[in-house]
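Biologist: Could you take one part of this model and walk me through it closely? I'd like to follow a single stretch and what surrounds it.

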Amino acid sequence: MKKLTVILTLFVHFFTSAQGCSDAGICTIGTAFQSNEKEHKNSIELATIYGVGEADVTYISPYISYTRKFNEKIALSAKVTFSSANGSFGTRASFGDAYLIGNYTFKEKKNKQWSVLTGWKFPFTASNLKINDFSLPLDYQASLGTFDLFLGANLKYKKWDFNSALQIPVFNNNKNSYFVEYSATTDFPSTNLFERKSDALFRTTYTFKTSKEKLTFKPNVLFIYHLGEDSYENIFGQRQTIENSDGLTINGNLVTNYQLDKQSSLELSLATPFVVREIRPDGLTRGFVASVHYRIAF
């Protein structure tokens with residue numbers, strides 16, 4: 001309990017001081033495959049995510065996912081997201097992205113088990129949703145408007161998990177038209193026809209259970225490196241690089257899972273950044289994120 005108290009204290013501190021997160025989808029891919037459920041082939045997850053971003057923009061982002069385990073090695077997961085953003089510009093709500101991720105798990109040897117994944121993210125919008133015909137910054141958009149490729153690997157060793165992943169924008173359909181010059185605020189940078197670079201992730205997770213094994217804690221740390229500087233088209237029609245938009249973000253995440261019965265579980269996740277990129281024009285800035293997940297297997 002002392003360890004848990006220290007972790008919670010650190011999270012409360014950073015909730016009041018940090019900004020960052022920078023999750024374009026890479027942070028949550030693969031989580032559907034981490035269940036120890038072996039008796040059932042199918043599972044459904046319902047989740048609601050609450051976050052606070054730049055200029056006090058708040059987000060409620062539910063999603064639904066379905067996972068099918070074809071055998072002990074091969075599994076496939078599909079997910080659909082929705083996002084509602086509320087701030088000084090108003091409220092904007094829309095479906096965000098669809099994910100299709102495949103996972104292959106190798107046979108465990110000497111307490112070590114490898115798995116790999118690959119998949120795609122498909123946007124439902126071109127990232128140019130408006131309120132009263134006024135162009136909105138990416139902070140209000142439900143998707144970045146890119147078709148992204150995911151590549152990842154996971155090593156499970158006893159109570160530890162080590163994840164690495166790449167998120168690569170392959171096709172850009174971003175048609176955002178927000179200019180800070182035409183706005184009454186400087187809270188958000190210009191992102192007209194925004195082009196985003198790739199992300200690389202490394203995460204380490206430690207799992208420990210209570211004596212009755214119904215309650216599980218999974219503290220983890222995520223290192224996300226944005227592999228290049230993003231760009232946009234300025235008011236003169238010239239492509240302009242956004243300086244210092246590349247670099248490292250470090251997030252802390254505490255996951256608490258309670259097993260309701262043999263088929264279902266309830267999970268609470270709290271996340272906050274410790275280190276952030278200097279400039280984050282993609283609208284993914286979050287001071288903190290809290291989410292509740294319900295999973296059922298059948």
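**A close look at the first hairpin**

Modeller: Confidence first, since this is a predicted model. The protein averages a pLDDT of 90, and 91% of the residues score at least 70. Strand E13 (residues 231-233) has the highest confidence, at 98, while helix H1 (residues 2-15) has the lowest, with a mean of 43. Over residues 1-18 the pLDDT stays under 50, and the model has 24 contacts for that stretch beyond four places in sequence. I'll leave that end alone and go to the hairpin of E1 and E2.

Strand E1 covers residues 42-52 and strand E2 covers residues 58-69; the two run antiparallel and share 11 bridges. Between the strands sit 5 residues, and in this hairpin Ala55 takes a positive phi near 50°.

E1 has another antiparallel partner as well: strand E17 (residues 288-297), joined to E1 by 10 bridges. If you want a landmark for that pairing, look at Ile44, which stands opposite Ile296 in E17. For the pairing with E2, use Ile49, which faces Ser61 across the strands.

Ser61 is a good place to zoom in. This serine lies in strand E2, and its relative accessibility is 17%, so Ser61 counts as buried; the cut-off for that is under 20%. What does the side chain of Ser61 make a polar contact with? The partner is the side chain of Ser83, at 3.5 Å. Leaving aside residues up to four places away in sequence, Ser61 touches Ala47, Thr48, Ile49, Phe82 and Ser83. So Ser83 shows up both as a polar partner and in that list of neighbours, and Ile49 is there too, as well as standing opposite Ser61 in the strand pairing. As background for reading strands like these, in a regular strand the side chains alternate between the two faces of the sheet.

For another hairpin to set beside this one, go to E15 and E16, which have 4 residues between them. Strand E15 (residues 247-259) pairs with strand E16 (residues 264-275) in the antiparallel sense, over 10 bridges. Asn251 has Pro273 in E16 as its bridge partner. E15 also runs antiparallel to strand E12 (residues 215-226), with 12 bridges joining them, and there Leu215 stands opposite Tyr258 in E15.

Terms used. Residues are numbered from 1 along each chain as its sequence is written. This is a predicted model: local features need pLDDT of at least 70, side-chain atom pairs count only at pLDDT 80 or more; totals for chains, interfaces and linings use all residues. Side-chain values use heavy atoms; hydrogens and water are left out. Two strands pair if DSSP finds at least two bridges between them. pLDDT is the predictor's confidence in each residue, from 0 to 100. Contact means heavy atoms within 4.5 Å. Buried means under 20% relative accessible area, exposed over 50%, partly exposed in between (1.4 Å probe, protein chains only). A polar contact is a pair of N or O atoms within 3.5 Å; within protein, one must be able to donate a hydrogen and the other to accept it, and residues adjacent in sequence count only if both atoms are side-chain atoms.
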